[in-house]
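I opened my notebook to get to know a new structure, one place at a time. Here is what I looked up, in the order I went.

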Amino acid sequence: MPLVSGAEVVLGAAKDGRGVGAFNVIQLEHATALIAGAEQLGAPVILQISENAVKYHGSLKPIAVATLAAAAAATVPVVVHLDHAMDRDLVTEAVSLGFTSVMYDASKLDYADNVAATTEVTNFCHDHGVFVEAEIGEVGGKDGVHAPGARTKPEEAVAFAEATGVDALAVAVGSSHAMTERTAELDFELIAALRAAVPVPLVLHGSSGVADADLTRAVEAGMTKVNIATHLNNVFTATVRQVLADQPNLVDTRKYLGPARTAVATEVTRLLTLLKAV
């Protein structure tokens, strides 16, 4: 199946009241696991490559080309998405490589500069048929817009979406990045208010800290794209640890990365079910 656009997957899900799972790729094993999990359910999926993952690999192209190839061979719709890019040149490279979706993160800038930078990126991406996600940003807290206490005001979200022309908007409703315990307390009334006001689909970042029932409830309240990374890293790493503990003499990486890949695929299927992805 050829790669599909972010617009096709995210806007379609928003229209139908479904969620879309957006999961991070760090190594090729992640990409193939995420696709396998989505294929098991017959659900679309978003494969995200973050700016941090690019730094890990030293450049975007190697992991991007591998992920794009895996996506093109999938039997379900797959979007390859650049996540949390603050480097404008990285956006340009991702578009040139064939990414169909970009999250440009200018949230650390003040509001006026965020709007200006995001609008420029949005215009560029739209000229190339690429879907654009952004976030508003908020002063305070080391996690910025996604500090646990941060909240997006509906009127500000509307103004930002209209000013920039973005296709999806990440909002702060109680989750936080890199949580290893699933104890986030989402503001479901705020999600519903944002959904009613904001003219584009909503994105929930930091969803690894959200409990199963609340993931479903978040979609029902109005979230569409749901980003989950740390939780799947936990699953991957726990499996590797267990296999190596059981077989301490293993040296063939396939013997422990393979089971970890399978465990992630199984968890992706389960998460996509919670998100009402089909």
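## Notebook: a first walk along the chain

I began with lysine 276, which counts as partly exposed at 34% relative accessibility. The model I am reading is a predicted one. Lysine 276 sits in the segment that comes after H11. Its phi caught my eye: the value is positive, about 55°, although lysine 276 is not a glycine.

**Entry: the whole chain.** I then stepped back for an overview. I found 11 helices and eight strands in the chain. How much of the chain is buried? Of the 278 residues, 55% are buried. I also looked at contacts between residues at least 6 apart in sequence, and 71% of these join residues at least 24 apart.

**Entry: another positive phi.** I went looking at histidine 84, which lies in strand S3, residues 78-85. Histidine 84 has a positive phi of about 50°, and it is not a glycine. Is histidine 84 buried or exposed? At 17% relative accessibility it counts as buried, because the cut-off is under 20%.

**Entry: helix H9 and what follows.** I moved on to helix H9, residues 212-221. I noted its buried residues as Leu215, Thr216, Ala218, Val219 and Ala221. What do they pack against? I listed helix H8 (188-197), strand S7 (202-204), S8 and H11 as the partners of the buried residues of H9. Just after H9 comes glycine 222, with a positive phi near 140°.

**Entry: H9 against H11.** One of those partners is a helix, so I checked how the pair is arranged. H9 and H11 (residues 254-274) pack with their axes 8 Å apart, at an angle of about 45°. That angle is neither under 35 degrees nor in the range 65 to 115, so H9 and H11 are oblique to each other. From H9, Asp212, Leu215 and Thr216 make the contact, and from H11, Arg270, Leu271 and Leu274 do. I sorted the residues of this contact into three nonpolar, one polar and two charged. Leu215 and Thr216 are also on my list of buried residues in H9.

**Entry: threonine 269.** I stayed in H11 for threonine 269, which is found in that helix. At 15% relative accessibility, threonine 269 counts as buried. What does threonine 269 touch beyond its neighbours within four places in sequence? The contacts I found are Gly37, Gln40 and Leu41. For glycine 37, I looked at the atoms: its backbone oxygen lies 2.7 Å from a polar atom of the threonine 269 side chain.

**Entry: the length of helix H10.** Helix H10 covers residues 230-246, which is 17 residues. I tried a small check on it. Counting 1.5 Å a residue, H10 should span 24 Å, and its end C-alpha atoms are 24 Å apart, so the two agree. The expected span uses one less than the number of residues, which is why I did not multiply by the full count.

**Entry: the buried residues of H10.** I wrote down Thr230, His231, Leu232, Val235, Phe236, Thr239, Val240 and Val243 as the buried residues of H10. They pack against strand S1 (20-24), helix H2 (28-41), strand S8 (223-228) and H11. S8 and H11 were also on my list for the buried residues of H9.

**Entry: leucine 250.** Between H10 and H11 there is a loop, and leucine 250 is in it. Leucine 250 counts as partly exposed, with 21% relative accessibility. Leaving aside neighbours within four places in sequence, I found leucine 250 in contact with Val243, Leu244 and Lys255. Val243 is one of the buried residues of H10.

**Entry: serine 107.** Next I visited the loop between strand S4 (101-104) and helix H6 (111-127), where serine 107 has its place. Serine 107 is buried, with a relative accessible area of 12%. Its side chain makes a polar contact with the side chain of aspartate 105, at 2.6 Å.

**Entry: alanine 112.** My last stop was alanine 112, in helix H6. Buried or exposed? With a relative accessible area of 54%, alanine 112 is exposed, because it is over the 50% cut-off. Alanine 112 and phenylalanine 160 are 48 residues apart in sequence, while their C-alpha atoms are 9.7 Å apart in space.

Notes. Residues are numbered from 1 along each chain as its sequence is written. This is a predicted model: local features need pLDDT of at least 70, side-chain atom pairs count only at pLDDT 80 or more; totals for chains, interfaces and linings use all residues. Side-chain values use heavy atoms; hydrogens and water are left out. Helices (H or I, at least four residues) and strands (E, at least two) are DSSP runs, numbered from the N terminus. Buried means under 20% relative accessible area, exposed over 50%, partly exposed in between (1.4 Å probe, protein chains only). A polar contact is a pair of N or O atoms within 3.5 Å; within protein, one must be able to donate a hydrogen and the other to accept it, and residues adjacent in sequence count only if both atoms are side-chain atoms. Axes are lines fitted to C-alpha atoms, for helices over the stretch in contact, and angles run from 0 to 180 degrees between N-to-C directions. Angles under 35 degrees count as roughly parallel, over 145 as roughly antiparallel, 65 to 115 as roughly perpendicular and the rest as oblique. Contact means heavy atoms within 4.5 Å. Ala, Val, Leu, Ile, Met, Phe, Trp, Tyr, Cys and Pro count as nonpolar, Asp, Glu, Lys and Arg as charged, and the others, Gly among them, as polar.
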